[in-house]
Amino acid sequence: MQIIDPRKQRVGMLGMAGIHHGPLASLQNSVVVKYIEADAARELFEFMDPASEVSQTYLASLGSIMQRGVRVICVGSWIDEVVPLYSAVFHGISHPNLYRAVYIDGPHYRDDFLTNLIIFALRLRNGGVDDKGLLVHLSNVIVGTLWGSTSGGHSTIYEEKAVYKLALRWLFYSTIVSKPIIISSSLNSPSVIAPIIKTAQSLLFRVSPDLSALRPCGEDGAAESLHIQYRPLNGSDKLNPFYLPWILHSLWCDSSIKGNPVWRRDIEKLIQLYDEWEPTTKAGKDLKYQLEAIRLCI
C-alpha cells in the first residue's frame, strides 16, 4: 500500500468461484479430495470454519485492503461443482467496496422462478436489505456435479469475457461509495448500487479492517458497530429446510421491500413464475414443494 495510493489510483481484485467460506461440504469424503488432491485440497475445508486461523486471517486481510479503497468483486458460478454460491460471493461479510455477482452460462440460463428468486435476493442485498440467508438456502439447488451433464460450472466462469468486463465496470464506472482510508477509521454508510447486466447480478456490503473489529451480528442482523457487518457462517452446518418458506414470508412482509416499486414488481413476477415453473432436478422439485404456500398468493 506504500507504492499504490488508492486516493489517486483505483485498485481492483476479481475473485471467480472463490472458496471464501470453503468448498462444498459433500466433497470432504470425495475420492478426488482423499487420494488425488490430498493435503492441498483438505486445507481449503478450513475456510468452512469461521473460527479457524486461516478464515480469521483472511477476513482481516480482505477487510483491511477494502477499507483502504481496493475494490473487490466476488463472482459465483451457476452449477458450480466445487464451490457453493454463498461461498463464492462471500455471503458472510459486508463492505461498500465489495461487489457480488453470479455468472450463468448460456446453456443453463432460464428465465424461470429459481433464476429470478436468486436475482431477487441479490437485488435486495444490493439495496442494503438483509436476505435473511435466502442465498445460503438456495445455493444447494444450483450445485453441479463432478461428473455428468451438470459439471463444468466451476471452470467455465474463467472463460467468460463478461465477467472481466463487469469487474472493470465495477472498478472504473461505479459510484464512489466512500473515500479510501489510509489510517484505520470507521466507514461511511454504504450507497445503493444496482447495475444489471445479462449474465450477472450484484449485491454490496460492509466489513471492518482488522480482526479485532470483526464482531458477529445480533439476532436482528444488525452489527454491533456502525461500520461493520460480519455474520459467521459455518459451511458444515446442516440447513433446516423448514426455514425457507418463513424466509420468503419475512422478506415479502418487509415494509421496506413492499414500499419499493421495483422489488414489489419482482415479487409479483415471482408469484406468477412459481406456478409456471417445472423443475427437472430433484433439488428443484424439493424446492418447489417447500414453497408450495406461494400458491396462496396466486
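Tutor: Let's start with a term: a residue is buried when its relative accessible area is under 20%, and exposed when that area is over 50%, with partly exposed in between. Keep in mind that we're looking at a predicted model.

Student: Fine. How many of the 298 residues of the protein chain count as buried, as a percentage?

Tutor: Of the 298 residues, 49% count as buried. The chain still exposes about 15200 Å², and carbon and sulfur atoms supply 55% of that area.

Student: Let's try the cut-off on one residue. What makes Leu233 count as buried?

Tutor: Its relative accessibility is 17%. The limit is under 20%, so Leu233 counts as buried. You'll find Leu233 in the loop between β5 (229-230) and α9.

Student: And what does Leu233 touch, leaving out residues up to four places away in sequence?

Tutor: Leu233 touches His21, Met48, Pro50, Tyr86, His91 and Val136. Take Tyr86: it sits 147 residues from Leu233 in sequence, yet the two C-alpha atoms are 9.6 Å apart in space.

Student: How much of the contact set of the protein chain, at a separation of 6 or more, comes from residues 24 or more positions apart?

Tutor: Such residues account for 75% of those contacts.

Student: What makes Ile79 count as buried?

Tutor: Ile79 has 8% relative accessibility, and buried means under 20%, so the label follows. Ile79 lies in the loop between β2 and α4 (85-88). Ile79 and Val141 are 62 residues apart in sequence, with 8.6 Å from C-alpha to C-alpha.

Student: Now Lys132. Why is Lys132 called partly exposed?

Tutor: The relative accessible area of Lys132 is 36%. Buried needs under 20% and exposed needs over 50%, so Lys132 falls in between. Lys132 is placed in the loop between α5 and α6.

Student: What stands out about the phi of Lys132?

Tutor: Lys132 has a positive phi of about 60°, although it is not a glycine. Most residues other than glycine have a negative phi. Phe90 also has a positive phi, about 50°, and Phe90 is not a glycine either.

Student: Where is Phe90 found, and what makes it count as buried?

Tutor: Phe90 is in the loop between α4 and β3. Its relative accessibility is 1%, and the cut-off is under 20%, so Phe90 counts as buried.

Student: On to the strands. How do you know that β2 is mostly covered?

Tutor: Count its residues: seven of the seven in β2 (residues 71-77) are buried. Arg71, Ile73, Val75 and Ser77 point one way, while Val72, Cys74 and Gly76 point the other way, and all are buried. That fits the rule that in a regular strand the side chains alternate between the two faces of the sheet.

Student: How do you know that β1 and β2 pair?

Tutor: Pairing takes at least two bridges, and five join β1 (residues 12-16) to β2, so the two strands pair. They run parallel. Met16, for instance, has Val75 in β2 as its bridge partner.

Student: What about β2 and β3: how many bridges join them?

Tutor: Six bridges join β2 to β3 (residues 93-103), again at least two, so these strands pair. They run parallel, and Cys74 stands opposite Arg100 in β3.

Student: Now the empty space. How much of it lies in the largest pocket?

Tutor: About 1000 Å³. The pocket is lined by 37 residues, and Val136, His137, Asp237, Lys238 and Leu239 are the closest to its centre. Helix α12 gives the largest share of the lining, five residues. By class, the lining has 17 nonpolar, 11 polar and nine charged residues.

Student: Which residues are the closest to the centre of the second largest pocket?

Tutor: That pocket holds about 520 Å³, and of the 21 residues lining it, Trp78, Ile79, Leu114, Thr280 and Thr281 are the closest to its centre.

Student: What makes a cavity something other than a pocket?

Tutor: In a cavity a 1.4 Å probe fits but cannot get out, while a pocket is an open set. The structure holds three cavities of 30 Å³ or more, and the largest has a volume of about 70 Å³. Among the residues lining the largest cavity are Phe90 and Leu233. Helix α3 (residues 53-67) supplies the largest share of that lining, three residues.

Definitions and conventions
Residues are numbered from 1 along each chain as its sequence is written. This is a predicted model: local features need pLDDT of at least 70, side-chain atom pairs count only at pLDDT 80 or more; totals for chains, interfaces and linings use all residues. Side-chain values use heavy atoms; hydrogens and water are left out. Buried means under 20% relative accessible area, exposed over 50%, partly exposed in between (1.4 Å probe, protein chains only). Helices (H or I, at least four residues) and strands (E, at least two) are DSSP runs, numbered from the N terminus. On a 1 Å grid over the protein atoms alone, a cavity is a set of points where a 1.4 Å probe fits but cannot get out, and a pocket is an open set with protein on both sides within 12 Å along at least five of seven lines; lining residues have an atom within 4 Å of a point. Grid points are joined across faces, edges and corners, and a volume is the space filled by probe spheres set on the points. Ala, Val, Leu, Ile, Met, Phe, Trp, Tyr, Cys and Pro count as nonpolar, Asp, Glu, Lys and Arg as charged, and the others, Gly among them, as polar. Contact means heavy atoms within 4.5 Å. Accessible areas come from the Shrake-Rupley method with a 1.4 Å probe; for residues, only the protein chains shown count as cover.
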